[in-house]
Amino acid sequence: MATKEKAVKEAVKENQVIKTEYSELIASGVDSNSQGIQFVQLVAKEMASGTTVREVKASMKSLLKDINIKPIILPTHAESIPVANLIISKYANEIEGIKVSKILSLSARVLADKKASGAKSHIEGIKTFEELDTKTATKKESQTRDGSTKPKVQKATKAVNVEDLVSAIYQGIMTMKPVGQLTEKGKKEAKTIEGWIMQLQNNQIKAKVNA
């Protein structure tokens, strides 16, 4: 009984407007590019009104159970649809000759390269679809970049006397005059130093208590 109740709670609501339009897209065949573009625009509008990515996927998947030929837009494209709609709106004069599959592919690359927060400004700052294609990193390039920019945590390699370490840091600070602002990297490092100082102070307190 508990399992059935859980299944009901986890059921994802389907959007009937999207289902109706997707049914027509499936019926139109794999080569209906204009129908595909219209579907992207409709789904983007529904998502702007509150329909979630999960609900979009559920609405589309429910119509694909008995379909042998895949339509030009699949549930896996759901995340890219709002960005695809931005591209369609921005380059309206060029879109007629561009396949919707290429628009969705480029949309996915924009998301990977600029993330959702930077996608709109990236598109708005570029004049043509071809230029957008050229100036957007491939998915592999984005993944390689994001992987290489993850902070590497260096492990302590040797024990150092706390007194000597504090003295060395103090001497270094006294020879420098702070100027400028901290970058994100600098803020993280400063936070680490702050945590280390707090730990040092806690150690001193514990030492006094145990003495």
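**I73 and the core around it**

Author: In this predicted model, I73 is buried, with a relative accessible area of 0%.

Reader: Why is I73 called buried?

Author: The relative accessible area of I73 is 0%, and buried means under 20%, so I73 meets the criterion.

Reader: Where is I73 found, and which residues does I73 touch beyond those up to four places away in sequence?

Author: I73 is found in the loop between α4 and α5, and, with residues up to four places away in sequence left out, I73 touches Y22, L25, G36, F39, V40, M60, V100 and L104.

Reader: How do you know that I73 and V40 are in contact, and how many residues apart in sequence are they?

Author: I73 and V40 are 33 residues apart in sequence, with their C-alpha atoms 8.6 Å apart in space. Contact, however, is judged on heavy atoms within 4.5 Å, and by that criterion I73 is listed for V40, together with I81, A84, N85, I88, V100 and L104, neighbours within four places being set aside.

Reader: What makes a set of residues here a nonpolar core, and which residues have the most contacts inside the largest one?

Author: A nonpolar core requires buried residues of the listed nonpolar types, joined through side-chain atoms within 4.5 Å. The largest such core has 33 residues, and those with the most contacts inside it are F39, V40, I73, I87, Y91 and I103. Two or more residues of this core are given by each of α2 (16–28), α3, α4 (53–61), α5, α6 and α7, and the largest share, 8 residues, comes from α6.

Reader: Which residues of helix α5 are buried, and what covers them?

Author: In α5, which spans residues 81–90, the buried residues are I81, V83, A84, N85, I87 and I88, and their cover includes α3 (33–48), α6 (100–124) and α7 (129–135).

Reader: How many helices and strands does the chain have, and how many of its contacts, as a percentage, join residues at least 24 apart?

Author: The chain has 10 helices and 0 strands, and, among contacts between residues at least 6 apart in sequence, 73% join residues at least 24 apart. Buried residues make up 28% of the 211 residues in the chain.

Reader: What makes the lining of the second largest pocket nonpolar or polar in class?

Author: The second largest pocket, with a volume of about 170 Å³, is lined by I173, M176, P178, V179, G180 and L182. Gly counts as polar, so G180 is the 1 polar residue beside 5 nonpolar and no charged ones.

Conventions
Residues are numbered from 1 along each chain as its sequence is written. This is a predicted model: local features need pLDDT of at least 70, side-chain atom pairs count only at pLDDT 80 or more; totals for chains, interfaces and linings use all residues. Side-chain values use heavy atoms; hydrogens and water are left out. On a 1 Å grid over the protein atoms alone, a cavity is a set of points where a 1.4 Å probe fits but cannot get out, and a pocket is an open set with protein on both sides within 12 Å along at least five of seven lines; lining residues have an atom within 4 Å of a point. Grid points are joined across faces, edges and corners, and a volume is the space filled by probe spheres set on the points. Buried means under 20% relative accessible area, exposed over 50%, partly exposed in between (1.4 Å probe, protein chains only). Helices (H or I, at least four residues) and strands (E, at least two) are DSSP runs, numbered from the N terminus.
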